[in-house]
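Here's a walk through a protein model, taken one piece at a time. Keep the structure open beside you and follow along.

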Amino acid sequence: MRSLIDILDLSVEELDDLLKTANDIIDNPQKYSKSCEGKKIATLFFEPSTRTRMSFEAAMYELGGNVISMTGGATSSAAKGESVADTIKVVSNYVDIIAMRHFIEGAALVASENGDVPIINAGDGGHCHPTQTLADLLTIYREKGHLDNLTIGLCGDLKYGRTVHSLINAMSRYEGVKFVLISPKELMCPDYVLEDKDQDSFTVTTSLEEAMPSLDILYMTRIQKERFDSEEEYLRLKDSYILNPEKLLTAKSDMKILHPLPRVNEISVAVDDDPRAVYFKQTLYGKYMRMALILKLLNEAEDKNKVSLMPSDALSDEYKCTNPKCISQCEQELKHKSVIRNNKRRCVYCEHDI
Ligand code: CP
């Protein structure tokens, strides 16, 4: 039995298999309509969502399975102080698989250590969002025909943008992929995402206009109000990038514009009619990739032996994570754990430097 917490939990071969299954589901939906008969998914969402939760639920229904759902921590016993670990131990008794979103970084890893069923990380704070990346990969594959040899511009909030972190981790494993990181200085991509990658494949800029002509993919992101500690800082940065038809005049004619959504104002509505805009298609592709993922994880769950995603070299020691948004700061009696990566000590849950 296996969970999906980080996109790096899946090998490139497994990503390619998921893409193949999703494409087959698109071509032959009837073939899969009873694949999950008798199975249930729980969607546990402690943070708002439209696409991720609803596409998981639609995915399970289209596979012939059933869904139970919890939306917003306020309606669950988390509001009474129940831990993530206890919640997962309980919900594991009711379902065959759980998709969980939490506002705390590392919550999904704790869930996977405590569940008796596969856990899918549907977003853990500003850390990662692997199933959005699955949606992004299928979108890029279907719109461009390949995943290698592409120049990808990532624009907006690259610091707290969990979809960006997961997409870099996935795409940097494909041959010839280059990234242009476009953000204000205050919202640059964290070191822990970039430091084990080929540094020559990254260009950093604050200018979307400068980057535009070189891009095969433009991945826009929202400046996320909910991740800022200071409203003043959010207000100062929120309109850093607004994509409009004029800015697209220098873009390649076959560039594709992606966005994990929701958007606020970073893409003008006038762009929606541009044939290069594929962000609404991307939400549909997300459903097919989540169908493929549910099938894979339920199939692997036939083997009850749990594959732990806790790094084998993780140490419980006196080093404490100081990230206030880390699960190790919030979950009662959870031991702080760290690993050494690139000569730095890292929290295993949120990957911040200790
Ligand atoms: N892209 C994404 O995660 O959207 P939701 O927050 O609506 O699920």
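We'll go from the sheets to a helix pair and then to the empty spaces. One thing to keep in mind throughout is that this is a predicted model.

Start with the five-stranded sheet. Its 5 strands form an open sheet with parallel pairing, and reading across gives the order S7-S6-S5-S8-S9. Strand S7 (202-205) and strand S9 (256-258) are at the edges; each has a single partner strand, so one side of each is left without a neighbour in the sheet. Going from one strand to the next, the twist averages 20°.

To get a feel for the pairing, pick out strand S5 (residues 151-155) and strand S6 (residues 178-182). These two run parallel and are joined by 5 bridges. If you want one spot to check on screen, find Gly-153, whose bridge partner in S6 is Val-180. As general background, side chains in a regular strand alternate between the two faces of the sheet.

What packs on this sheet? Helix H5 (residues 130-144) does, touching strand S8 (217-220) and S9. The direction of H5 makes about 165° with that of S9.

H5 has a helix partner too. It packs with H10 at an angle of about 115°, and the two axes are 8 Å apart. The crossing of H5 and H10 is right-handed. On the H5 side, the contact is made by Thr-131, Gln-132, Leu-134, Ala-135, Asp-136, Leu-138, Thr-139, Arg-142 and Glu-143. H10 brings Lys-281, Gln-282, Tyr-285, Gly-286, Tyr-288, Met-289, Arg-290 and Leu-293 to the contact. Sorted by class, the residues in this contact come out as 7 nonpolar, 5 polar and 5 charged.

Stay with these two helices for a moment, and turn to enclosed space. The general idea is that rolling a probe the size of a water molecule over the atoms shows where empty space is left. How many cavities of 30 Å³ or more does the count come to? The count is 1, and the space in the largest cavity is about 40 Å³. Its lining is made of Arg-51, Gln-132, Ala-135, Pro-260, Gln-282, Thr-283, Gly-286 and Arg-290. The elements giving two or more residues to that lining are H5 and helix H10 (279-300), and H10 gives the most, with 4 residues. By class, the cavity lining divides into 2 nonpolar, 4 polar and 2 charged residues. Several of these names should look familiar: Gln-132 and Ala-135 of H5 line the cavity, and they also take part in the contact with H10.

Now for the other sheet. Here 3 strands form an open sheet in the order S10-S11-S12, and the pairing is antiparallel. Strand S10 (315-316) and S12 are the edge strands, each pairing on one side only. S10 and S11 run antiparallel and are joined by 2 bridges: Ser-316 has Lys-337 as its bridge partner in S11, and Leu-315 has Ser-338. On the other side, S11 and S12 pair in the antiparallel sense over 4 bridges, and there you can find Ile-340 opposite Arg-345 in S12. S11 and S12 form a hairpin with 2 residues between them. Look in the turn for Asn-342, which has a positive phi of about 50°.

That hairpin leads on to the open pockets. Strand S11 (337-341) and strand S12 (344-347) each supply at least two residues of the lining of the largest pocket, as does helix H7 (191-194). About 560 Å³ of space lies in this pocket. It is lined by 23 residues, and the closest to its centre are Asp-6, Leu-8, Pro-311, Arg-341 and Glu-351. By class, its lining divides into 12 nonpolar, 3 polar and 8 charged residues.

The second largest pocket holds about 370 Å³ of space. Of the 21 residues lining it, those closest to its centre are Arg-101, Arg-162, Arg-222, Leu-261 and Pro-262. Helix H2 (51-62) and helix H6 (162-171) each supply at least two residues of this lining. What classes of residue does the lining have? It has 4 nonpolar, 10 polar and 7 charged residues.

Technical notes: Residues numbered from 1 in each chain as written. Predicted model: local features only at pLDDT ≥ 70, side-chain atom pairs only at ≥ 80, totals over all residues. Heavy atoms only, no water. Pairing = 2+ DSSP bridges. Axes fitted to C-alpha atoms, helices over the stretch in contact; angles between N-to-C directions. Contact = heavy atoms within 4.5 Å. 1 Å grid on protein atoms, 1.4 Å probe; cavity = no way out; pocket = protein on both sides within 12 Å on 5 of 7 lines; lining within 4 Å. Points joined across faces, edges and corners; volume = space filled by probe spheres on them. Nonpolar A, V, L, I, M, F, W, Y, C, P; charged D, E, K, R; others polar. Left-handed = near helix turned anticlockwise from the far one by under 90°.
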